[in-house]
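Trainee: Please take me through one part of this model, the shell around the ligand and the helix packing that goes with it. I would like one connected account.

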Amino acid sequence: MDSWAGFKSYVTHLECSATGERYAAGQPHNLSKAGKPLLVRYDLPAIARAVTRDDLLRRDPDFWRYRELLPVPREADVVSLGEQLTPLVSLDETSRKAGGGALFVKDEGRLPTASFKARGMAVAVSMAKSFGIKQMALPTVGSGGASFAAYCQRAGIDAYVFCPDDSPPVTMSEIAFYGDKFFAVKGALEDCNRLVAEGCEQRGWFNISTLKEPYRIEGKKTMGLELAEQFGWTLPDVIFYPTGGGTGFIGMWKAFDELEAIGWIGSKRPRMVAVQTTGCCPIVRAAEQGHKEVQTPWPDVRTKVFGVRVKKPLGDYLILRVVYESKGFGSAVSDEDVDETRAAVANADGVMLSPEGAACVAAYRQALKDGKVTKDERAVVFNTAIGLRSPMGTVKNYIDPQKGVDYATL
Ligand SMILES: Cc1ncc(COP(=O)(O)O)c(C=O)c1O
């Protein structure tokens, strides 16, 4: 383990993402007075003076190597389950068949609790520990609950988790396995949101819902930091990201801005593609119509891709701003396309994706067809969670050795 000896926090303040109003660091925050997400700001010139890209090479291969660009004030506050850097795995055969070029999947299923949620939760729970918070609550459609519960157990914090009872049974059992404050709710995510808000008010729990506290974005930012380092301090041409609440989308863009400000990358940015499914695509629709925010919440969510089941993200204007600034676009794929793509990638490249990851590959294939991406470009898709939690189909072939085997037919 490398040491944080001599480390000091570079956080200067927090800022309302809508009005720019400043808030003091060093104390817990939820939304700004305007009811909008807060963003963490750093003394970037001081970071540029304090640390170099080469310094990172002497540090452990986990995301705490970027500690100057993270808000956790002391090593003693770090709540870690081993957040190793996730690999970029090439999908050569998948891309070749689609007539594409260099295509990589950043496989976030390798993280603790088997999803990218570990990034946000590791940082947000570490911050909660630094503030002495003892009880927190989260509404979730799935994988976020497992990460939240695991990191809270490690930190000695009570984790109240509320999840719609039609979420995948394996995810609900997984969350319940970490502790007894898990509740399957007869209702939708919006009902869970309400229960969390009421519980926070009545019992003083801290609300750690997506974008309702500022530090999960900082954790998700590490996806962008890692990507830049893995690409030799350049960036890919285009990034496909399964977008629900948009924490990762917003976080990565923030990472690129901060990296440029400290002089570690140049001004070239990837086009950012917000991937959703046709059964819930409020961001894609808003982007197509050039809106700054989602006009009406998605009325009827019909998709098995749980990560994108968000009717109107709280940070919709931040997600859309990234789409426009990056000259990216939104892409909605069907659940059928997701299933077909997921099987095709496993077959072609030996990589099992989550439905969210497969949605990104489906969107990549579509973008090639539409001419929105060319084969000369380097593309990265995010596989945000392990594939093993999602249905894998049934076994087709059985053998009874007692009856003899005709090997020619196998
Ligand atoms: C597997 C998976 N992928 C993607 C998402 C969407 O992530 P974000 O909130 O960063 O848009 C989620 C959120 O629940 C998820 O569970």
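Mentor: The largest share of the shell around the ligand, 3 residues, comes from helix H9. Helices here are DSSP runs of H or I with at least four residues, strands are runs of E with at least two, and both are numbered from the N terminus. The model is predicted, and local features need pLDDT of at least 70, side-chain atom pairs count only at pLDDT 80 or more, while totals for chains, interfaces and linings use all residues. Residues are numbered from 1 along each chain as its sequence is written.

In total, 19 residues surround the ligand, and Gly244, Gly245, Gly248, Gly307 and Thr384 are the closest; a residue is near a molecule or strand if its C-beta atom, placed from the backbone, lies within 6 Å of it. Two elements give two or more residues to this shell: helix H5 (143–155) and helix H9 (247–261). By class, the shell has 14 polar, 4 nonpolar and 1 charged residue. Ala, Val, Leu, Ile, Met, Phe, Trp, Tyr, Cys and Pro count as nonpolar, Asp, Glu, Lys and Arg as charged, and the others, Gly among them, as polar.

H9 also packs against helix H8 (residues 215–230), at an angle of about 60° and with the axes 7 Å apart. Axes are lines fitted to C-alpha atoms, for helices over the stretch in contact, and angles run from 0 to 180 degrees between N-to-C directions. H8 is therefore oblique to H9; angles under 35 degrees count as roughly parallel, over 145 as roughly antiparallel, 65 to 115 as roughly perpendicular and the rest as oblique. The crossing of H8 and H9 is right-handed, the near helix being turned clockwise from the far one by less than a right angle (anticlockwise would be left-handed). Among the residues that meet are Lys220, Met223 and Leu225 of H8, and Gly248, Ile250 and Phe256 of H9. Contact means that C-beta atoms, placed from the backbone, lie within 7 Å. This contact of H8 with H9 has 9 nonpolar, 4 polar and 4 charged residues. Gly248 thus belongs to two lists: it is one of the closest residues to the ligand and one of the H9 residues that meet H8.

H8 has a further partner, helix H4 (residues 117–131): their axes come within 7 Å and cross at roughly 140°. That makes H4 oblique to H8, and the crossing is right-handed. Lys220 and Met223 of H8 appear here as well, meeting a group in H4 that includes Met121 and Val123.

Methods. Two residues are in contact if their C-beta atoms, placed from the backbone, lie within 7 Å.
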